[in-house]
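Work through the exercises below with the sequence and the model open beside you. Try each task before you read its solution.

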Amino acid sequence: MIRLERLSLFLVELPLVTPFATSFGEERTKQALLVSLTAEGVMGWGECVAGSGPWYSWETVETARYVISEHIRPILSSHKTFHHPSELPAVLSPIRGHAMAKAAVEAALWDIYARLQKKPLFHLWGGVREAVPAGVSVGIQPDIPSLLSAVEGFLAEGYLRIKLKIKPGWDVEPVRAVRERFPEALLSVDANAAYTWTDLPALRELDRCGLLMIEQPFSFDDLLEHAQLSRELSTPICLDESITSARRAREALELGACRIINVKQGRVGGVTEALAIHRLALERHTPLWCGGMLETGIGRALNVHLATLPGFSLPHDISATKRYFREDIADPPFELKDGHIPVPQRPGLGVEINWDRLLRSCTWSRTWKL
Ligand code: OSB
Ligand code: MG
């Protein structure tokens, strides 16, 4: 049994090695809210994947800080004992939404649970891989030569799949240029919800570029129009933003809105919900892969463990630490070996906080006794 004793929040800011531009904006620094829970003499960590502004999702580090401090904390104070982390979603169910805030707390509880069992997380979930295939998500570049040289560099490092961020006006031309220069590369695109039916001609051109998938072309909460678009294109549609729960995943598959699902445990409200999507995907023979949110080593470790499950069959948005940060707040850094990221084998997340760097990059923190 786990009896929770303390909750801490840390807001950190890390410079990105290169600015990351998407259809919804450009980020130069990564702001992350880290959660730690203490129980039975063990500290567990979770990272909230909410961004600094409400662009990918309406959640932000500030909404998550508020919801965890003012709403999740009091619930945990009156419900401090858990036999298993999968009990947490029901305990937090009085809070509607705020998936990313809840997921970060659940992640910390999983880390504690696995550390107490002295097992790496992936052993608890039935993970079957010792290393996970790594893809890389390439932001919108200032021009095509910069894009080609970025892609060339990542292919040379061994990344197994290149995902190009697109938006109207930065799509057919850059994607064709990459396809022509690297005819054999496994390529996909991610629109982050920037397209509508008026862009159908561009989407039809992309359909001829030999892409593995087109990720979230239409609105962030849409299923129906993606189902209609799916019938117009031969390239599989993958949904990211639209899949907010296992229920939504079932609806999407019933409607034919996607043939591939990008799983982000934070977006769906935690690991327990992500595992439910994984079960559904296995039943339906729907390929999964693990998305990323430019996480620090804490969030990335969780993604790596999740990506070891049998239904995760496509390369992930899980790249080496140095693709994101010069110095991370967790050790050891993730490195690429033959296009794969080795899975940490130590108990729990299998990475440790570097307190020096955490405190140096920390802009705010608070601890409560539960
Ligand atoms: O849509 O997958 C996305 C980063 C921030 C927000 C949304 C997305 C992304 C990425 C980066 O594509 C993936 C990574 O962490 O490497
Ligand atoms: Mg995406």
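The exercises that follow treat domains, cavities and a pocket.

This is a predicted model, in which local features need pLDDT of at least 70 and side-chain atom pairs count only at pLDDT 80 or more, while totals for chains, interfaces and linings use all residues. Residues are numbered from 1 along each chain as its sequence is written, chains are lettered from A and ligands numbered from 1 in the order in which they are written, and side-chain values use heavy atoms, with hydrogens and water left out.

**Exercise 1.** State which domains the assignment gives, and describe how they are placed.

Solution. Begin with the bounds, which come from an automatic or database domain assignment: domain 1 covers 2-118 + 357-369 and domain 2 covers 123-342. Next, take the centres over C-alpha atoms, and you find 23 Å between domain 1 and domain 2. Finally, look for contacts (heavy atoms within 4.5 Å): 36 residues of domain 1 touch 39 residues of domain 2.

**Exercise 2.** Find out where the largest cavity lies and what lines it.

Solution. First fix the terms: on a 1 Å grid over the protein atoms alone, a cavity is a set of points where a 1.4 Å probe fits but cannot get out, a pocket is an open set with protein on both sides within 12 Å along at least five of seven lines, and lining residues have an atom within 4 Å of a point. Grid points are joined across faces, edges and corners, and a volume is the space filled by probe spheres set on the points. The structure holds 2 cavities of 30 Å³ or more, and the largest cavity encloses about 380 Å³. Of its 32 lining residues, Phe20, Glu27, Gly292, Met293 and Leu294 are the closest to the centre. Because domain 1 and domain 2 both give residues to this lining, the largest cavity lies between them.

**Exercise 3.** Describe the second largest cavity in the same steps.

Solution. Its volume is about 30 Å³. The lining consists of Leu16, Val17, Thr18, Phe20, Leu294, Arg323 and Tyr324. Both domains supply residues to this lining, so the second largest cavity also lies between domain 1 and domain 2.

**Exercise 4.** Which residues are closest to the centre of the largest pocket?

Solution. The largest pocket has a volume of about 340 Å³. Among the 17 residues that line the largest pocket, those closest to its centre are Ser57, Trp58, Phe220, Glu241 and Thr244. As a last step, turn to the domains: domain 1 and domain 2 each contribute at least three residues to the lining of the largest pocket.
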